[in-house]
Amino acid sequence: MPGQTRCGLVAVVGAPNAGKSTLVNRLAGTKVTIVSPKPQTTRFRIRAVVMQGQTQIVLTDTPGIFAPRRRLDRAMVAAAWEGAQDADVALLIVDARAGMTEAVQSIISVLKRSRVAIWLVLNKSDLIDTKRLLPLTASLNEQLSFEETFMISAETGDGLDRLLQALAGRLPYGPWLFPEDELSDLPERMLAAEIVREQILRQTHEEVPHHATVETEQWQERRDGSVRIDCTIYVGRATQKAILIGDGGARVREIGKRARSELEKLLERRVHLFLNVKERQGWDEERARLRAIGLDDAG
């Protein structure tokens with residue numbers, strides 16, 4: 001059907017730290033979701049729009065799937081599975097170095113019941129001997145008969161052209177869901193909060209990163225074209241608040257400095273960023289807090 005447009009949803013699922021967000025950003029050609037070396041970086045579904053010829057590929061970056069404990073965890077896992085169920089194609093991203101882990105086996109056991117077309121994407125395949133890739137591919141396909149299998153490196157871009165071309169030819173004919181120049185469905189207020197949280201993940205250690213959340217409290221457009229953004233960082237304990245603030249406020253200033261620089265690149269204008277740190281015990285069990293960061297309450 002030459003000349004007709006195609007469009008479809010592609011869910012990117014996998015265990016934490018498989019490289020899902022890196023892959024989505026690389027395919028989108030810009031930063032639409034935050035990335036860090038720590039697991040469970042992505043907390044809610046983010047859609048990135050990728051144009052490939054006459055095909056609009058709507059990638060859904062989902063949280064890593066893991067065994068949930070808190071209400072926050074349950075909501076994150078629910079968002080991941082909901083993203084997979086809504087898709088035309090689901091990409092199972094597997095860290096080729098880690099191979100067939102217990103987490104991957106658990107995900108596959110659920111995907112077996114799915115009616116969605118499932119493709120296997122072995123990421124970080126450039127970091128291991130090719131002799132290990134073929135047995136791993138065979139082992140995974142024994143667990144689940146994947147429609148397609150790809151070996152890629154999201155970090156370097158190897159193999160991504162082939163993946164994009166295959167997706168463009170697989171998605172159904174139909175009108176585009178988003179304007180051609182739109183990159184993501186993430187509102188700017190939530191983007192700002194996520195960029196701040198990315199710096200928390202990168203600059204703090206121990207228990208702080210996964211017990212912090214960020215909300216944009218105020219977004220004020222200025223006459224000179226710049227924007228003032230006020231964000232509040234919530235943590236569960238006084239000790240976490242002290243770590244985030246740092247000696248004489250040094251840590252929170254550095255978080256703000258790097259986040260502001262990143263936001264100015266993404267928004268392409270001057271940003272005035274103000275951060276406030278508050279202790280709020282049990283925020284990760286509050287329905288209102290989960291809704292504020294884009295998650296539905298999973299009970």
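Start with strands E7, E8 and E9: they form an open sheet in that order, with mixed pairing. Strands and helices here are DSSP runs (E of at least two residues for strands, H or I of at least four for helices), numbered from the N terminus, and two strands pair if DSSP finds at least two bridges between them. The model is predicted, so local features need pLDDT of at least 70 and side-chain atom pairs count only at pLDDT 80 or more, while totals for chains, interfaces and linings use all residues. Residues are numbered from 1 along each chain as its sequence is written, and side-chain values use heavy atoms, with hydrogens and water left out.

**The edges of the three-stranded sheet**

Select 212-221 (E7) and 271-279 (E9). These strands stand at the edges, and each has a single partner strand, so one side of each is left without a neighbour in the sheet. Neighbouring strands of this sheet are turned by 20° against each other on average, direction ignored. For this and later angles, axes are lines fitted to C-alpha atoms, for helices over the stretch in contact, and angles run from 0 to 180 degrees between N-to-C directions.

**Strand E8**

Now select 227-235, which is E8; this strand pairs with E9 in the parallel sense over nine bridges. Pick Val227 and its bridge partner in E9, Val271. Further along, Asp230 stands opposite Phe274 in E9.

On the other pairing, E7 and E8 run in the antiparallel sense over nine bridges. Thr216 has Cys231 in E8 as its bridge partner. Go to the hairpin of E7 and E8, which has five residues between the strands, and pick Gly225: this residue takes a positive phi near 95°.

Is E8 enclosed or open to the outside? Eight of its nine residues are buried, so E8 is largely enclosed by the rest of the structure. Buried means under 20% relative accessible area, exposed over 50%, and partly exposed in between (1.4 Å probe, protein chains only).

**Helices H7 and H8**

Select 238-245 (H7) and 250-267 (H8), which pack at an angle of about 65° with their axes 4 Å apart. Show the side chains of Ile243, Leu244 and Ile245 in H7; they meet Ala250, Arg251, Val252 and Ile255 in H8. Contact means heavy atoms within 4.5 Å. The residues of this contact divide into six nonpolar, no polar and one charged. Ala, Val, Leu, Ile, Met, Phe, Trp, Tyr, Cys and Pro count as nonpolar, Asp, Glu, Lys and Arg as charged, and the others, Gly among them, as polar.

**The second largest pocket**

Keep H8 in view and add 188-203, which is H6; each of these helices supplies at least two residues of the lining of the second largest pocket. A pocket is an open set of points on a 1 Å grid over the protein atoms alone, where a 1.4 Å probe fits, with protein on both sides within 12 Å along at least five of seven lines; lining residues have an atom within 4 Å of a point. The second largest pocket has 13 lining residues, of which Leu183, Ser184, Leu186, Leu191 and Leu266 lie nearest its centre. By class, the lining has seven nonpolar, two polar and four charged residues.

**The six-stranded sheet**

Move to the other open sheet, where six strands take the order E2-E3-E1-E4-E5-E6 with mixed pairing. Its edge strands are E2 (46-52) and E6 (148-151), each pairing on one side only. Neighbouring strands of this sheet are turned by 25° against each other on average, direction ignored.

Select 89-95 (E4) and 117-123 (E5), which pair in the parallel sense over seven bridges. Leu92 stands opposite Leu120 in E5, and Ile93 stands opposite Val121.

Stay on E5. Seven of its seven residues are buried, so E5 is largely enclosed by the rest of the structure. Both faces are covered, with Ala117, Trp119, Val121 and Asn123 on one side and Ile118, Leu120 and Leu122 on the other.

**Last stop: Val116**

Which loop holds Val116? This residue lies between H3 and E5. Val116 is buried, with a relative accessible area of 14%. Add Ala11 to the selection: Val116 and Ala11 are 105 residues apart in sequence and 9.9 Å apart in space, C-alpha to C-alpha.
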